[in-house]
Each structure stands twice: as structure tokens, then as C-alpha cells.
Amino acid sequence: MILKQHRKKDIKLNADKVPVDLLIQAADNVNAHLRNAGKPIDGVDLDLYDIIDLRMLSGLIGEIYANEVSSLHVDLARNPDIDGYPDILDLTGLGLDGNLNSFTKQDFLKFPGGGLEVKNTFGVKKSKSKWSERECRFSHIQNILVWKAHHRQTNNLIALQSNYVDRVPQIVAGFFADDLEECDWTEKQNPKEGSTMTSFCQTTPGAFEKLKRGILFSGPHILPDEYVTIE
């Protein structure tokens, strides 16, 4: 699958930029990793994508993507704290060469230099839609894509959309917004007692409109205005 670039303007950091073609390269790398992870191993009767649930898989894709972007830019670093914000730290202009030893845990929880947040979604399934596991989801998901976060201050958001291609999960589109406000996220929802879910909020339809205007790239069957309905 070849990802087509839509946005021409680079993403601004504090003292540098992130080219969109770097973000596409990161998606290509992730897709290659996902294809390789799904290949059978001699003597092992195990298919990873038959076992891992969609929620965990979606988060995993976002984590791998953040790692790939960080590895491709000298002044970006993966946030080492699992609860840290943002996912990708902006070190531009600091002359650190990726060395994070001068920062504390508190710094990583809300990094003073900012950076990029990464979220991924497979889309929310339509009510009563009969979708088989690991099939293409385009005709089975709601037209408004939704991304989830643990807080409402998320901005500089790279929002990924994933889908199954030949039964393998793949990144099929990427969007960006640097003008999100708290009102672009729903109020934080707390899980029901006994649930394994964590508290979360999610993007509103207004946030989706902002993200669509900032589409970065998409696959060959996903167009900026109608990508959610094309098979």
C-alpha cells in the first residue's frame, strides 16, 4: 500500500520542523513491522492478530508509530514515562542529541518543551453492523472518527486511522491539528466499577473537522472528503 501525501506544509516545532514525508516514512515502517509480525513462524501455531483485541492493538500501533517518528528525527525523543505527555518530546534548540538525563519524572508528565501526541483509531463500529474479525472496516464504521485520550489538553495531535489490509492491521491515514482546545474533547469518563477500562475522554465532531482539514496522508482508497465510506 502506497500512502499519498496531502499536506505540503511541514509541522512546526519550537526550533525546527517535521517534514510530512518523515511522518509517511514512519507509517510505512510501522506497516512493514505489522506485516512481518503477522507472518507464520515455523513450528509455532500462533497468529498474533487472532489473539490481541482491537483496543490493545490500536494502542500498540500508536506506540510503535511514536517510536518510529522519534527515531527518524534527531531532535525528537520518545517520552520514557508511560504516563507522560506528550508522546514525542520536542528537543529542538536544546542541543541534547536525545539525551534526557537532565529531566525529571515530573518534566516527562508535562514536558516543558512540548512535542507531538499520537493517537490511533480503527473507527467506531456502526450499530448492528455485521463485521467479521480482520476484514476491511470502512463500510462498517461510523462516518465520524473518534480518538481517545486520558486528558483534555492534548494538542499537536497526530491522529492515525488503521484498518485491516489482507487481514493485517495497517495505518491507512494520518491527520494533524495544532488548534485543538479543551472543548474539542468530551468530559472525562470514569470506568464502571470492576471494569478494566481506564478513565478517558474522546474527540468531538468539531475536533474531527479540524483534523480532516489537516490530513497528512492516506492510502490509495481513502480520499480527504469521503475516505470513510470507500471500500
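**Exercise 1.** Find which residues lie nearest the centre of the largest pocket.

*Solution.* Start with the lining: 38 residues surround the largest pocket, and Arg-55, Gly-59, Lys-119, Lys-148 and His-150 lie nearest its centre. A pocket here is an open set of points on a 1 Å grid over the protein atoms alone, where a 1.4 Å probe fits, with protein on both sides within 12 Å along at least five of seven lines; lining residues have an atom within 4 Å of a point. Next, look at the elements: helix H3 (54-72), strand E6 (115-121) and strand E7 (148-149) each give two or more residues to this lining. H3 provides the largest share, nine residues. Helices (H or I, at least four residues) and strands (E, at least two) are DSSP runs, numbered from the N terminus.

A word on the source: this is a predicted model, where local features need pLDDT of at least 70, side-chain atom pairs count only at pLDDT 80 or more, and totals for chains, interfaces and linings use all residues. Residues are numbered from 1 along each chain as its sequence is written, and side-chain values use heavy atoms, leaving out hydrogens and water.

**Exercise 2.** Work out which strands stand at the edges of the sheet.

*Solution.* First trace the order: seven strands make an open sheet of mixed pairing, E1-E11-E9-E8-E6-E5-E4. Two strands pair if DSSP finds at least two bridges between them. Then check the ends: E1 (4-5) and E4 (76-78) each have a single partner strand, so one side of each lacks a neighbour in the sheet. Finally, inspect one pair: E5 (residues 88-90) and E6 run antiparallel over two bridges, with Leu-89 opposite Gly-115 in E6.
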